[in-house]
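Colleague: Hi, have you got a minute to go through this model with me? I'd like to start with the charged pairs.

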Amino acid sequence: MLMPAYRPLVKVTKPVLKQVRVWPEGSSEALQDCFSTTDWNMFREAATHNNSTDIQEYTETVSAYITKCTDDVTDLKTVTVRANQKPWLTGEVHKLLKARNAAFRTGDQAGLRSARANLSHGIRKAKRLYSKKISQHFSDSRDTQNLWQGIQSITGYKPHPQTCDSDTSLLNDLNGFFARFEPLNNTPAQKSILPPGDQVLTLSPDSVRRAFSRINARKAPGPDNIPGRVLRDCAWELAEVYTDIYNTSLSQAVVPTCFKATTIIPVPKKASPSCFNDYRPVALTPILMKCFERLVMHHIKSLPPPSLDPYQFAYRSNHSTDDAISTVLHSALTHLDKKNTYVRMLFVDFSSAFNTIVPQQLIHKLDSLGLSTSLCNWLLDFLTGRPQAVRVGSSTSSIPTLNTGAPQGCVLSPLLFTLLTHDCTPAHTSNLFVKFADDTTVVGLISNNDESHYRSEVSRLASWCKHNNLSLNTEKTKEIVVDFSRTHTLHTPLFINGTAVERVSSTKFLGVHVTEDLSWSTNSASLARKANQRLYFLRKLRRAGAPTPIMTTFYRGAIESILTSCFTVWYGACTAFCRRTLQRIVRAAEKIVGTSLPSLQVLYSSRLTRKALRLAGDPSHPLHSFFSLLPSGRRLRSLGARTSRLRDSPIHQAVRMLNSLPALPPIPILPQHTLTQHPDPPLIQY
């Protein structure tokens with residue numbers, strides 16, 4: 001009789017030796033005592049020559065000292081990882097196991113009974129502690145990373161890691177590919193002379209301390225190898241010295257080279273990469289520099305210029321992807337409500353947008369936006385002279401110095417790109433540019449088959465990109481033509497730089513599937529498919545004996561968040577069939593969890609009401625003008641519509657939602673021209 005050979009997992013998978021840094025009990029307190037008694041002025045005095053502080057030497061010596069102290073209080077331990085190792089096995093349980101085995105070998109019956117009892121008690125205690133640790137992953141439904149870590153711990157689900165070959169020649173070639181835009185930059189970086197009365201940004205120790213205390217200790221350290229745990233645990237002790245370093249850097253407009261160093265970890269986009277473009281560059285920068293960038297970014301956000309493009313929806317309070325999509329849809333549907341009209345939407349894709357930034361051009365624009373000369377000089381130094389290396393395991397490429405672009409791992413990069421494109425605006429009123437960071441959409445409102453303004457606008461956009469060193473990726477740029485006229489019209493293809501743009505019937509715009517008939521069946525089907533896949537993990541939680549609150553938290557963070565993605569944009573206009581399909585998933589989740597969950601209609605009504613109130617109270621928002629009060633002050637002015645498509649659009653639905661309330665709630669007056677974003681508290685309580 002043929003029987004398949006049984007191969008235990010412990011024999012198939014060899015034990016792996018892994019080196020980890022262990023923080024013994026009391027190590028954080030030892031570091032705090034060490035740093036609190038350190039004379040930090042000694043480092044500044046040693047780096048001061050002729051009444052001038054060398055910021056490079058000052059920063060490097062302080063960082064080296066912190067690294068040395070960290071190495072002294074922590075241990076590098078070699079751990080053996082086995083395939084069948086239980087996750088709840090701790091060092092205490094291992095000691096009890098050794099004690100039981102020793103009692104068994106000596107033949108001490110009384111000692112063996114006691115050791116077995118102690119081991120049984122120790123195992124139960126370790127399992128309780130491990131269960132408590134797992135349950136902490138499900139404390140916040142908004143922390144999706146923690147939720148999936150908890151799922152991986154319970155179910156053992158782990159995606160197959162995509163690794164890159166550690167051959168040094170490949171790493172050098174990858175580094176050259178990631179820095180391929182460097183030879184195209186012929187503009188030398190030159191700092192400006194400070195005008196009289198220029199105010200230098202000065203940071204306070206309290207702001208630095210708060211930034212350090214909010215560090216996620218689980219984040220990987222940058223090239224300086226200073227762990228985030230050191231900065232978080234010793235925020236009070238290190239705030240003073242790093243406040244001095246940050247302020248010295250700002251006053252001299254010089255960013256230390258060790259702060260600008262970047263390590264690129266190439267992650268394959270697919271299982272078998274065939275070209276360099278199949279690797280995604282994940283940038284690791286020093287955590288100290290990330291904190292510095294957040295403080296500078298907070299200052300830049302507090303001083304937005306009045307000339308900032310109102311249709312740039314990134315990094316602005318009360319502006320989100322929902323608003324960007326709603327703006328595109330409302331302008332298109334309002335235009336289509338007229339006769340002899342159609343709309344062309346161009347979804348622009350840039351090739352490595354952040355990596356093509358020319359620092360000198362960016363600084364000229366920041367200066368015109370009103371940023372101080374000293375801060376512009378600091379940003380120029382931040383973007384130039386950046387050492388970059390590609391690392392896989394213990395293999396590292398050569399380290400070139402870059403003067404073009406901004407690393408995607410930097411905190412300031414998206415905001416700087418947003419400010420770079422602030423002057424990319426349409427010249428004709430029949431066109432609209434809607435932007436969200438590096439996602440740009442051109443909406444052409446065509447009347448009487450006259451596309452001259454739209455085509456000239458696209459040509460002007462291509463010229464603007466060339467002037468600003470941005471490369472349009474015509475292969476990934478897509479166009480949708482929305483035409484509801486009864487007569488079939490042949491629309492001429494659009495060309496950019498001699499290449500025809502692909503016309504598609506559906507494309508993904510800021511996470512939402514937009515189709516040429518502006519229906520939502522494709523988007524609803526995609527969300528339903530993804531949410532159904534997540535139900536598998538909810539069932540695994542139930543089989544693992546997870547309590548109802550944990551399953552409810554996972555549902556909110558991993559399933560409801562998918563079903564309600566950009567909810568206020570599409571749910572009001574989707575068909576009854578799509579609504580029933582999505583609500584069926586909610587009912588399936590209710591059966592698994594064992595408790596009632598809010599319906600999608602209830603969630604939609606509450607979120608649309610909240611969104612409408614915020615739009616009505618924000619005069620700086622592009623959609624604010626549609627929320628005007630009647631002279632009585634008790635209702636909003638109704639919006640006219642000829643077709644049901646426009647009546648079901650998000651803005652019309654929002655106005656009707658507020659007017660359907662028994663009494664119009666007080667409209668909150670929001671501050672104008674702010675760039676910060678604050679998450680709204682949920683209205684639905686579980």
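Colleague: Which side chain does D381 meet in a salt bridge?

Modeller: D381 pairs with K191, at 3.3 Å from N to O. Keep in mind that this is a predicted model.

Colleague: Where do D381 and K191 lie?

Modeller: D381 is in helix 16 (residues 373-383), while K191 is in the loop between helix 8 (168-178) and helix 9 (205-213), so the salt bridge ties together parts that are 190 residues apart in sequence.

Colleague: And D381, is that buried or exposed?

Modeller: D381 counts as buried, because its relative accessibility is 13% and the cut-off for buried is under 20%. K191 counts as partly exposed, at 36% relative accessibility.

Colleague: How many salt bridges does the structure hold?

Modeller: There are 18 salt bridges in the structure. One of them joins the side chains of D309 and K435, with an N to O distance of 2.9 Å. That pair also links distant parts of the chain, 126 residues apart: D309 sits in the loop between helix 13 (287-301) and helix 14 (321-336), and K435 in strand 11 (residues 431-436).

Colleague: Are D309 and K435 buried or exposed?

Modeller: D309 and K435 are both buried.

Colleague: What about K611, which residue forms a salt bridge with that one?

Modeller: K611 goes with D323, and their closest N and O atoms are 3.3 Å apart. K611 belongs to helix 23 (residues 600-616) and D323 to helix 14, so this salt bridge ties together parts that are 288 residues apart in sequence. Both K611 and D323 are buried.

Colleague: Which residues are linked in a network of salt bridges?

Modeller: R344, E451, R455 and E479 form such a network.

Colleague: Switching to the surface, then. Which residues gather in a patch of positive charge?

Modeller: The patch brings together R580, R584, R587 and K591. R580 is part of helix 22, which covers residues 576-593. With a relative accessibility of 47%, R580 counts as partly exposed.

Colleague: Okay, backbone next. Which residue in the loop between strand 12 and helix 18 should I look at?

Modeller: Try N448, in the loop between strand 12 (439-447) and helix 18 (452-467). Its phi is near 55°, a positive value in a residue other than glycine. N448 is exposed, at 59% relative accessible area.

Colleague: And what is phi for N497?

Modeller: For N497, phi is near 55°, again positive in a residue that is not glycine. N497 is found in the loop between strand 14 (495-496) and strand 15 (499-500). N497 counts as exposed because its relative accessibility is 64%, and the cut-off for exposed is over 50%.

Colleague: Where is Y279?

Modeller: Y279 is in strand 6 (residues 279-284). Y279 is buried, with 11% relative accessible area. Its C-alpha atom is separated by 5.4 Å from the C-alpha atom of V267, 12 residues apart along the chain.

Colleague: Now the whole thing. How many helices and strands are there in the protein?

Modeller: The protein has 25 helices and 18 strands. Its radius of gyration is 29 Å, close to the 26 Å that the globule rule gives for 686 residues, so the protein is as compact as a globular protein of that length.

Colleague: What box do the C-alpha atoms fill?

Modeller: Along the principal axes, the C-alpha atoms fill a box of roughly 95 × 80 × 60 Å. Of the 686 residues, 47% count as buried.

Methods: Residues are numbered from 1 along each chain as its sequence is written. This is a predicted model: local features need pLDDT of at least 70, side-chain atom pairs count only at pLDDT 80 or more; totals for chains, interfaces and linings use all residues. Side-chain values use heavy atoms; hydrogens and water are left out. Helices (H or I, at least four residues) and strands (E, at least two) are DSSP runs, numbered from the N terminus. Buried means under 20% relative accessible area, exposed over 50%, partly exposed in between (1.4 Å probe, protein chains only). Patches are made of residues with over 30% relative accessible area and no salt bridge: like charges are joined within 9 Å, nonpolar side chains (Val, Leu, Ile, Met, Phe, Trp, Tyr) within 5 Å. Accessible areas come from the Shrake-Rupley method with a 1.4 Å probe; for residues, only the protein chains shown count as cover. A salt bridge is a side-chain nitrogen of Lys or Arg within 4 Å of a carboxyl oxygen of Asp or Glu. Lys and Arg count as positive and Asp and Glu as negative; His and the chain ends are not counted. The place of a charge is taken as NZ of Lys, CZ of Arg, CG of Asp or CD of Glu. The radius of gyration is taken over C-alpha atoms; the globule rule is 2.2 Å times the number of residues to the power 0.38.
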